[in-house]
Amino acid sequence: MDLNFTPEELGFRQMVRDWVATHLPDDIRHKVLNALRLSKDDMQRWARILGAQGWLGYGWPKQFGGPGWNAVQKHLFEEECALAGAPRIVPFGPVMVAPVIMAFGSPEQQQRFLPGIASGDVWWSQGYSEPGSGSDLASVKTRAERVHDNSGDHYLVNGQKTWTTLGQHGDWIFCLVRTSNEGKPQTGISFLLVDMKSPGVSVRPIITLDGEHEVNEVFFDNVKVPAENLIGEENKGWTYAKHLLAHERTNIADVNRAKRELERLKRIAKAEGVYEDVRLRDQIALLEVDIVALEMLVLRVLSAEKSGKQSLDIAGLLKIRGSEIQQRYTELMMLAAGPYSLPFIHEAMEAGWQGDHVGAAHCAPLASVYFNTRKTTIYGGSNEVQRNIVSQTVLGA
Ligand SMILES: Cc1cc2nc3c(=O)[nH]c(=O)nc-3n(C[C@H](O)[C@H](O)[C@H](O)COP(=O)(O)OP(=O)(O)OC[C@H]3O[C@@H](n4cnc5c(N)ncnc54)[C@H](O)[C@@H]3O)c2cc1C
């Protein structure tokens, strides 16, 4: 196993680094490097800049308008973007639904939906979870009934999704819907693309622990969805859903962001005069070791793919370790800032906020970010459930 990058790969890294340095807007970089609030405009502006370069769908094959990069190139691109302070790509379009449309959608659906995702113009949301159907996703109840009438062939959708991340901005939502109650729950699910501007779709905010509006409830009340928006075959949606979840869990590990945030932790500890504190140094060192170990795990996956061996089936493991690491660095930042991290000031998340409380501006967003990252061990499949999956893979069912 060779974990070193080749000269060509290092050249590719430099090319991406130079491009990001000249194209990432300074105001967005400033917000990301200081963990400040990103607006819809910030996220979409960066998406469109990447889209114009053909890099928003950086994991896509050339056939669908992507750059056709291999696994190492994708990793290097993600790393360079994260370290430079670029926002995380909102994954629902380019990372989640696009691979499903490529693998299972019709040529018409590919032509219709992929260009808007690749350019960053169309905002997608993920409609999987429902009240009572999170870990037990196969129990989804949102009903889609096929109706042929004089207005055409369509589905009538009724039900509710929840925890829909950034659904307040959504143009489209991909949904798991129940089309049959026959047989096992998994066999009656379909994968439907719904225009969120359709009559009968309503979005209600959920305000989370950090005081932010990041997630939503989405209601469907007799929503008419053209039958041509069904992906693949009716009642085969579970297969397509699983294809997507593997992408989601690997994406959540986000080792590159962890490397960037480790540096921010060190900056905060230095600014607060506690960087030399032996106990804090111990904690930071342990965190750094775990981040390096996670990176090695990612590189092992890349090395296996490069040498043509079967890819390691460790998406769940990456999700568990990556999410725990995200929580730990936000905890250590709080620890480093001590009482200065406590004020919970909503406005402090805006760029340019100065405030008048005791303590430096870099401390002000810490509480909000700390509360926000409690989500990481829950979403994308909770860590308890991931542990079940990993143990089944290792020990057998
Ligand atoms: C911030 C945030 C954003 C999200 N964004 C989206 C989104 O955009 N789209 C979307 O569709 N969903 C989204 N989700 C939903 C997310 O996928 C679910 O919250 C997650 O799958 C857990 O489901 P649940 O909340 O229903 O908890 P439950 O499934 O009710 O679980 C409750 C607890 O029981 C544990 N548990 C459940 N089953 C088992 C088991 N078999 N063995 C051991 N322990 C178990 C869980 O680990 C958890 O601790 C988001 C969630 C959060 C918090």
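**Exercise 1. Burial and ring geometry**

Is Trp-69 buried or exposed? Determine also how the rings of Trp-69 and Phe-77 are arranged in this predicted model.

*Solution.*
Step 1. The relative accessible area of Trp-69 is 12%. Buried means under 20%, so Trp-69 is buried.
Step 2. Apply the same criterion to Phe-77: with a relative accessible area of 1%, Phe-77 is buried.
Step 3. A pair of aromatic rings is described by the distance of the centres and the angle of the planes. For Trp-69 and Phe-77 the centres are 5.2 Å apart and the planes stand at 50°. Planes under 30 degrees apart count as stacked and those over 60 as edge-to-face; the pair of Trp-69 and Phe-77 is therefore tilted.

**Exercise 2. An edge-to-face pair**

Classify the aromatic pair formed by Phe-113 and Trp-124, and locate its two members in the chain.

*Solution.*
Step 1. The ring centres of Phe-113 and Trp-124 are separated by 5.7 Å, with 75° between the planes. An angle over 60 degrees counts as edge-to-face, and the pair is assigned to that class.
Step 2. Phe-113 belongs to helix H6 (residues 107–119), whereas Trp-124 lies in strand E1 (residues 124–127). The two residues are eleven residues apart, and their pair links distant parts of the chain.
Step 3. Both Phe-113 and Trp-124 are buried.

**Exercise 3. The aromatic pairs as a whole**

State how many aromatic pairs the whole structure holds, and identify the cluster that includes Trp-69 and Phe-77.

*Solution.*
Step 1. Searching the whole structure gives 14 aromatic pairs.
Step 2. Ring pairs join Trp-69 and Phe-77 with Phe-12, Trp-19, Trp-46, Trp-55 and Tyr-58 in a cluster.

**Exercise 4. The ligand shell**

Describe the surroundings of the ligand by residue, class and origin, then its polar contacts and burial.

*Solution.*
Step 1. The ligand is surrounded by 18 residues, of which the closest are Ser-135, Trp-163, Thr-165, Ser-382 and Glu-384.
Step 2. Sorted by class, the shell comprises seven nonpolar, nine polar and two charged residues.
Step 3. Domain 2 (125–235) and domain 3 (254–393) each supply at least three residues to the shell. Among secondary-structure elements, helix H12 (residues 383–395) provides the largest share, three residues.
Step 4. Two ligand nitrogen contacts are listed: a polar side-chain atom of Thr-165 lies 2.6 Å from a nitrogen atom of the ligand, and a side-chain N or O atom of Asn-388 is 3.1 Å from a nitrogen atom of the ligand. In the side chain of Glu-384, an N or O atom is 2.6 Å from an oxygen atom of the ligand.
Step 5. The ligand taken alone exposes 980 Å², and the protein buries 66% of that area.

Terms used. Residues are numbered from 1 along each chain as its sequence is written. This is a predicted model: local features need pLDDT of at least 70, side-chain atom pairs count only at pLDDT 80 or more; totals for chains, interfaces and linings use all residues. Side-chain values use heavy atoms; hydrogens and water are left out. A residue is near a molecule or strand if one of its heavy atoms lies within 4 Å of it. A polar contact is a pair of N or O atoms within 3.5 Å; within protein, one must be able to donate a hydrogen and the other to accept it, and residues adjacent in sequence count only if both atoms are side-chain atoms. Accessible areas come from the Shrake-Rupley method with a 1.4 Å probe; for residues, only the protein chains shown count as cover. Helices (H or I, at least four residues) and strands (E, at least two) are DSSP runs, numbered from the N terminus. Ala, Val, Leu, Ile, Met, Phe, Trp, Tyr, Cys and Pro count as nonpolar, Asp, Glu, Lys and Arg as charged, and the others, Gly among them, as polar. Domain bounds come from an automatic or database domain assignment. Rings of Phe, Tyr and Trp (its six-membered ring) pair if their centres lie within 6.5 Å; planes under 30 degrees apart count as stacked, over 60 as edge-to-face and the rest as tilted. Buried means under 20% relative accessible area, exposed over 50%, partly exposed in between (1.4 Å probe, protein chains only).
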